[in-house]
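Me: I'd like a close look at one part of this protein, with its surroundings filled in as you go. Could you walk me through it?

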Amino acid sequence: MTRLNISLSDCLPTIPKTGMPVTIITGFLGSGKTTLLNHILENKQGLKVAILINEFGDINIDSQLLVSSKENMLELSNGCICCTINESLVETVYQVLEREDRIDYLIIETTGLADPFPIILTFLGTELKTLTQLDSIVTVVDSETFTPKYFDSNIALRQIKYGDIIILNKIDRVDEKKIKELENFIREIKAGVRIVRSHYGQVPLALLLGVGLTQEDIYISQIREFQRDRKSSGYHIENDGFVAVSFESDRPFELQKLENFIVEQMPHNVFRAKGILWFSDREHRHIFQLSGNRYEIEADEWQTKPKNQLVLIGRNLDTEFIHKQLTNCLTSHSQNIEFVLPDIPF
Ligand SMILES: [Zn+2]
């Protein structure tokens, strides 16, 4: 059997002169957007990719978990690119376009609370239309936690409605019956949409990049409306009542105490939490991910001087209570650690 030797750049249409291709990765809190993005970055072969990470909280945790060089990574934090910091999105895309070294592809990861619609219109309803090529909206769905009612958030449904490709992620955690139900539900929202099953975001890149699935013409009629009232307020964030609580400390946590906080005291209205944790009796950093009622803590090499960074996202969170609880988990004294920056090959 002759094995076809196809490289990724063979799959990609030659970059149209009309503009830099852009893929938008969206999907609800904890669905696996950053894991998918890491998979793309690890398999992008020769493609020069710039990535733009939008984080809801004021600490950008995701960007610290990505296998990407700093110079190809742009961060927008403390707001949402679909509304509150929409103009920063345009400015940041211009930064990428104006770079001397040519970028082949731009991938944007939205917050889990973003509405893809205004972002699509930002690319189609501004000057970016001639400078970029919106390739597809990729919506990641957590097969385990997603049910029509679960999020009680219109945003999760709009992310599917405006998705060109729906990645049904974490299928290893659910049975075939649940997957079928989800696929039928998604097709009710958007008939004919491309659905790809995955776990850990392991999707062939040829299904994700250079697919040319965003049909610009269906949005044309809505652009004028968008341009007229572009000053859209962050209505969806207020309406949904989501807030982000950030916590940072230069003192390490006591592992026992923090685990007790996570298991016993974590407020029920916390939907999502993520962090880079420093424990007093542990050498490595620990990546903390909580989504719904499932959490993971994984050890990993420090990339920075040890410190604690944590972001909790949920409805009507009591910031003071959370800060107090987390401060109680810290060791009583600061700890000086000799730290040498690891040699990171890029
Ligand atoms: Zn928004």
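In which sense do strand β1 and strand β5 pair, and over how many bridges?

Reply: Happy to take you through it, with the reminder that this is a predicted model. Strand β1 (residues 20-27) and strand β5 (residues 132-142) run in the parallel sense, and their pairing extends over eight bridges. A handy place to put your cursor is Thr26, which stands opposite Thr139 in β5.

From there you can widen the view to the sheet around this pair. Seven strands make up an open sheet with parallel pairing, and reading across gives the order β3-β2-β4-β1-β5-β6-β7. In that order β1 sits between β4 and β5, while β5 sits between β1 and β6. The edges are taken by β3 (73-76) and β7 (194-197), each of which pairs on one side only. On average, neighbouring strands here are turned by 20° against each other, with direction ignored.

Strand β5 also has a part to play in a cavity. Three cavities of 30 Å³ or more are counted in the model, and the largest has a volume of about 50 Å³. Its lining consists of 11 residues, and the ones closest to the cavity centre are Phe28, Val140, Val141, Phe146 and Gln159. Both β5 and α6 (154-161) supply at least two lining residues each, and β5 provides the largest share, with four. By class, the lining of this largest cavity splits into seven nonpolar residues, three polar ones and one charged.

On the β5 side of the sheet, the next strand in the order is β6, and two of its residues are worth a stop. Leu168 is placed in strand β6. This leucine counts as buried because its relative accessible area is 0%, and the cut-off is under 20%. Leu168 and Leu182 are 14 residues apart in sequence, and their C-alpha atoms are 8.4 Å apart in space.

Asn169 is also found in strand β6 (residues 165-169). With a relative accessibility of 2%, Asn169 counts as buried too. Its side chain has polar partners: the side chain of Asn169 makes a polar contact with the side chain of Ser198 at 2.7 Å, and it reaches the backbone nitrogen of Gly201 at 3.1 Å.

Now turn to the other side of β1, where β4 and β2 come next in the order. Asp104 sits in the loop between α3 (86-97) and β4 (105-109). At 17% relative accessibility Asp104 is under the 20% limit, so this residue counts as buried. The side chain of Asp104 reaches the backbone nitrogen of Lys48 at 2.8 Å. Further along that side, Leu66 lies in the loop between β2 (49-54) and β3. Leu66 has a relative accessibility of 9% and therefore counts as buried. Leu66 and Ile51 are 15 residues apart along the chain, with 9.8 Å between their C-alpha atoms.

For contrast, the model has another open sheet. This one has five strands in the order β8-β12-β9-β10-β11, with antiparallel pairing, whereas the sheet that holds β1 and β5 has parallel pairing. The edge strands of the five-stranded sheet are β8 (242-249) and β11, each pairing on one side only. Its neighbouring strands are turned by 10° against each other on average, again with direction ignored. Within this sheet, β9 pairs with strand β12 (residues 308-315) in the antiparallel sense over six bridges. In that pairing, Gly275 has Leu310 of β12 as its bridge partner.

Two strands of the five-stranded sheet return in the surroundings of a pocket. The second largest pocket has a volume of about 260 Å³. Fifteen residues line it, with Met266, Pro267, His268, Gly292 and Asn293 lying nearest its centre. The elements that give two or more residues to this lining are α10 (255-265), β9 (270-277) and β11 (294-300). Of these, α10 gives the most, with three residues. By class, the pocket lining has nine nonpolar, four polar and two charged residues.

So if you'd like a single place to return to, make it the β1 and β5 pair: the two strands meet over eight bridges, and β5 goes on to supply four residues to the lining of the largest cavity.

Conventions:
Residues are numbered from 1 along each chain as its sequence is written. This is a predicted model: local features need pLDDT of at least 70, side-chain atom pairs count only at pLDDT 80 or more; totals for chains, interfaces and linings use all residues. Side-chain values use heavy atoms; hydrogens and water are left out. On a 1 Å grid over the protein atoms alone, a cavity is a set of points where a 1.4 Å probe fits but cannot get out, and a pocket is an open set with protein on both sides within 12 Å along at least five of seven lines; lining residues have an atom within 4 Å of a point. Grid points are joined across faces, edges and corners, and a volume is the space filled by probe spheres set on the points. Ala, Val, Leu, Ile, Met, Phe, Trp, Tyr, Cys and Pro count as nonpolar, Asp, Glu, Lys and Arg as charged, and the others, Gly among them, as polar. Buried means under 20% relative accessible area, exposed over 50%, partly exposed in between (1.4 Å probe, protein chains only). A polar contact is a pair of N or O atoms within 3.5 Å; within protein, one must be able to donate a hydrogen and the other to accept it, and residues adjacent in sequence count only if both atoms are side-chain atoms. Two strands pair if DSSP finds at least two bridges between them. Axes are lines fitted to C-alpha atoms, for helices over the stretch in contact, and angles run from 0 to 180 degrees between N-to-C directions.
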